[in-house]
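Let's test the terms used for this model against their definitions. Each question asks what backs a label.

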Amino acid sequence: MSAEIGHFALILALVVALIQSVVTFWGASRADSALMGVGRAAALLQLIFVALAFGCLAWGYATLDFSVELVARHSHTTQPLAYRLAATWGSHEGSMVLWVLILALHGAALSVFGNSLRATFLSRVLGVQGLLGAAFLGFSLLTSNPFARLFPTPLEGTELNPLLQDPGLISHPPLLYLGYVGFSVAFAFAVAALIEGRVDAAWARWVRPWVLAAWTALTLGIALGSHWAYYELGWGGWWFWDPVENASLMPWLMGTALLHSAQVLEKRGALISWTLLLAILTFSLSLIGTFLVRSGVLNSVHAFAVDPARGAYVLAFCVIATGSALTLYAWRAPGMRTGAMFAPLSKEAGVTLNNLILAVVTFVVFIGTFFPVFYELMTGGAITVGPPYFNLIFVPLFSLLLCLVGFGPLLHWKRDRVRQVLARLRWPLGLAAVALIAGTAAFGLAKILAAFGFALGVWLIAAGALLLVRRWDIGQRPAEVTWRLVRTTPVAIWAVALAHTGLGVTTVGVTAMAGFESSKVLRMGQGDQVEFAGRTLVLQSLAPVTGPNYQADRAVFAIVQGRGPATLISERRFYPSSRNQTTEAAIGPSLIGNLYISVGELDESGKAVIRLWSHPFVGWIWGGAVLMALGGLVSLSDRRLRLGAPQPSKRRIPDPVMPVPEAAE
Amino acid sequence: MRRIAFIAPVLIFLIIAGALAFGLGRDPKILPSMLIGKPLPAFNLPDVRTGTGGKGLASSNFTGEPALLNVFASWCASCRIEHPFLMRLSREGVPIHGLNWRDKGDAGARWLDRFGDPYDRVGYDPTGRTGIDLGVTGAPETFVIDRHGTVRYRHVGPIDAQVWTETLAPLMQQLRAEP
């Protein structure tokens, strides 16, 4: 029964979403508060129905209801409960339900917390959200019904792909979707602003927390996915320039640009139309990412089942959503107020440059990702674009951006002077120069690029730390005053320092991996010994073992001399019910590098091919991403206090501790 | 002039969307083979049922009439899905030869004994050497060979009713009509 309830709930959610958009647009154009109130209630109702549908699907997985086709295809009686529940979004159909659920959550949150927005504006935002919801609910119901029944009911299901049975991958899709869908709010805000023809600082103050939340979730989601690929795919790569990875990177790059330009709009009232354009494009890239994963336009390791009907629907949706938003932009944006002016050297100019580079970089990734399609269109031939292209174009452009990142937060608004800027940043600049020279001396001229990468990392970390040091005035005042300054450091400074330092940490990790990774391949049997990366390892045992739903060849290594944990276990697993093979690499993690071992197939003589890698500083790649996300979270904690106070008059209440207007909801 | 800057995004977007719409009709799994229009690379493989004195499979067996060369393995899940359809084709009299690719010991032979043998001849290629010569990227994969032993088509992935009726059957008919 639960599947039918879920299916019906999904249909009702679609109807409610349509009502929501009609009622809100109509109500907003007539300034009818009763109609607009109905629209806000509809957003809540939509959430209830979608949550019910999601719950029904999860229930099907929990109770192993194999009469539901989706459950039968992605779960198995031997599969642990946590992975059965995670399988709810492990398939294409289920992941769409999760997508709609998150969208409905955003809509409901807007409806509940939107009191301080102008009523007509909130209505139009909810109207756009309703349309987006209806489009995705329609997609789910028309092309990928998650509740289809299977007859006759099989006694046993097919397992969820074992590669996906992993704690990292349980939270990867929800985080990515929080990011993708979160940008829909920025999109809805931009469209509503274009319809109304006005954008002001309050608009930016309102949109920034949503963009921040989405950006933070997306940052974590991408890092998680990359980390998963690192430990699960068995050869220690962390980024492959795979189309699906690029699909998540593009909204991230655009979202980063949006985050910065929205700040300029909020603080200085500049970059108005540009920010609107970024808001539209960021969400469009999220949609294109969805299109990419589901259409089969490009071949990818993580692609869902190829189905042109689904691709056609998502593409049509992309074209209608983005096309109409951009048309609206072309029509309305020129008539909008132009922003405040600023000098060529100023924080505004810095953010503009940051935005331009991020836009170009996004374009580069876009072209690289879709080039096979364009190439075939022009020449009829097939081609693949691999890492060489991205390394050649993306890396230099991004390095340029990283050079500029350190300057940004220390530039003054409106206008600044070159000499003063350089003087302010003398310490980070000096440290980076020392790192470059020391690195070149240590690694030789052949590795000057690696030295440059490390210098960039040092520059970013030092420039991030400088923000705090300047604020605290370290060494210039009595300890007590410094301590007070530390405690009262504005959240915004913490956030920028964390995020930019995180970028530096990631840069160090990426550089070390690119320049100093080493590996060794050999055939080993029990008792064999190997010297690698300053360690001596012994293969203690190599034997088959049996897990809950798999059989495995397990290799146990001991580090007899050198750094690392005492034992390392690497497995090669075989999942009989889905006939899949996975490699569980043995990883000896540490702050300055990982030892990574994967075991090959056992041969007749009981030996196996063993591959060892040394991954210097690899953990820094994700550690930096976590710092960036932390910066986003910290910034959000600040935003929440000010969220409900867009009217300047209310902000004069001299009590910054009380989140007054928000408590009124 | 300023207006154009605002209209440009939507125009660029529409061009890109057009290209993507074109891409929709394209299947990324169609891999052109270097071998198309060329004779099969020479090979002479023992029979999959080693030691039974079976017929084995050689490139010279592909003359006289058009035939399919199907690459399979016992460890390949999609081959298991494809298998019943091959049995149907075999009953309908379509000549199919098998290449048991990268299977260990008698795993391939046991697989055929258990599920049925749709092949006229089955070559045994445990090292995957012949697979490399053919440019096989994975199993299952199927080549269409004409009566002169020339490779005419390559299909990656399982053959199902749709692939057969829309692509392979018309091609086989055409090849049978060729001199």
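Q: What is the average pLDDT of chain A?
A: This is a predicted model. pLDDT is the predictor's confidence in each residue, from 0 to 100. Chain A averages 85, and 92% of the residues score at least 70. Local features need pLDDT of at least 70, side-chain atom pairs count only at pLDDT 80 or more, and totals for chains, interfaces and linings use all residues; residues are numbered from 1 along each chain as its sequence is written, chains are lettered from A and ligands numbered from 1 in the order in which they are written.

Q: Where in chain A does pLDDT stay under 50, with 20 contacts beyond four places in sequence?
A: Over residues 644-665. A contact means C-beta atoms, placed from the backbone, within 7 Å. Residues 300-305 of chain A also stay under 50, with 13 such contacts.

Q: What makes strand 5 and strand 6 of chain A a pair?
A: Strands are DSSP runs of E, at least two residues, numbered from the N terminus. Pairing takes at least two bridges found by DSSP. Strand 5 (residues 567-575) and strand 6 of chain A have five bridges, in the antiparallel sense, so they pair. Arg572(A) stands opposite Thr583(A) in strand 6.

Q: Why is the largest nonpolar core said to lie between domain 1 and domain 2 of chain A?
A: A nonpolar core joins buried Ala, Val, Leu, Ile, Met, Phe, Trp, Tyr and Cys residues through C-beta atoms within 7 Å. Buried means 20 or more other C-beta atoms within 10 Å of a residue's own, again placed from the backbone. The largest core has 177 residues. Domain 1 (1-160) and domain 2 (414-516 + 624-643) both give residues to this core, so it lies between them. The bounds come from an automatic or database domain assignment.

Notes:
Contact = placed C-beta atoms within 7 Å. Helix = DSSP H or I, 4+ residues; strand = E, 2+ residues; numbered from the N terminus. Buried ≥ 20, exposed ≤ 12 C-beta atoms within 10 Å, placed from the backbone.
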